[in-house]
Amino acid sequence: TERSIVYRIYTEAFDNLAQLTARRFEGATLFDAKGLWQGIVERSTVIEIIGKGSDESEIVNLATDIAFTNRQSVVLVTRNGERFDVAGPSRSHESAD
């Protein structure tokens, strides 16, 4: 059996994040947070999805959709606590592995 993976997407807070997430996943948890980006504190959201390895491409696609829809320069994605992708208009699908 395939082991569960904890995926997290870190982004600036926007009202459309639950809707964007629901287009690709049946379940997720969205946490309100404060983020720090380039020395500026901003309202942030962490989207947590418990999935499988086969969900990875959809996770990256979701992060890319969030980045483009909300004009984010960077949306960080982690897998089991390790960074594996940074999505954004100029960094789409840049792997950190």
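Here are a few questions and answers about the predicted model above.

Me: What should I know about the model and its numbering first?
Reply: This is a predicted model, in which local features need pLDDT of at least 70, side-chain atom pairs count only at pLDDT 80 or more, and totals for chains, interfaces and linings use all residues. Side-chain values use heavy atoms, with hydrogens and water left out, and residues are numbered along each chain as its sequence is written, from 1.

Me: Which element gives the largest share of the largest nonpolar core?
Reply: A nonpolar core is a set of buried Ala, Val, Leu, Ile, Met, Phe, Trp, Tyr and Cys residues joined through side-chain atoms within 4.5 Å, where buried means under 20% relative accessible area, exposed over 50% and partly exposed in between (1.4 Å probe, protein chains only). This core has 18 residues, and Ile9, Ile59, Leu62, Ile66 and Val75 touch the most other members. Elements are DSSP runs numbered from the N terminus: helices (H or I, at least four residues) and strands (E, at least two). The largest share, 6 residues, comes from α2.

Me: Which residues does Leu62 contact, leaving aside neighbours within four places in sequence?
Reply: Contact means heavy atoms within 4.5 Å. By that cut-off, the partners of Leu62 outside those neighbours are Ile9, Leu20, Thr21, Arg24, Phe25 and Ile49.

Me: Is Arg71, with its positive phi, buried or exposed?
Reply: Most residues other than glycine have a negative phi. Arg71 is not a glycine, yet its phi is about 55 degrees, and it lies in the loop between α2 and β4. With a relative accessible area of 77%, Arg71 is exposed.
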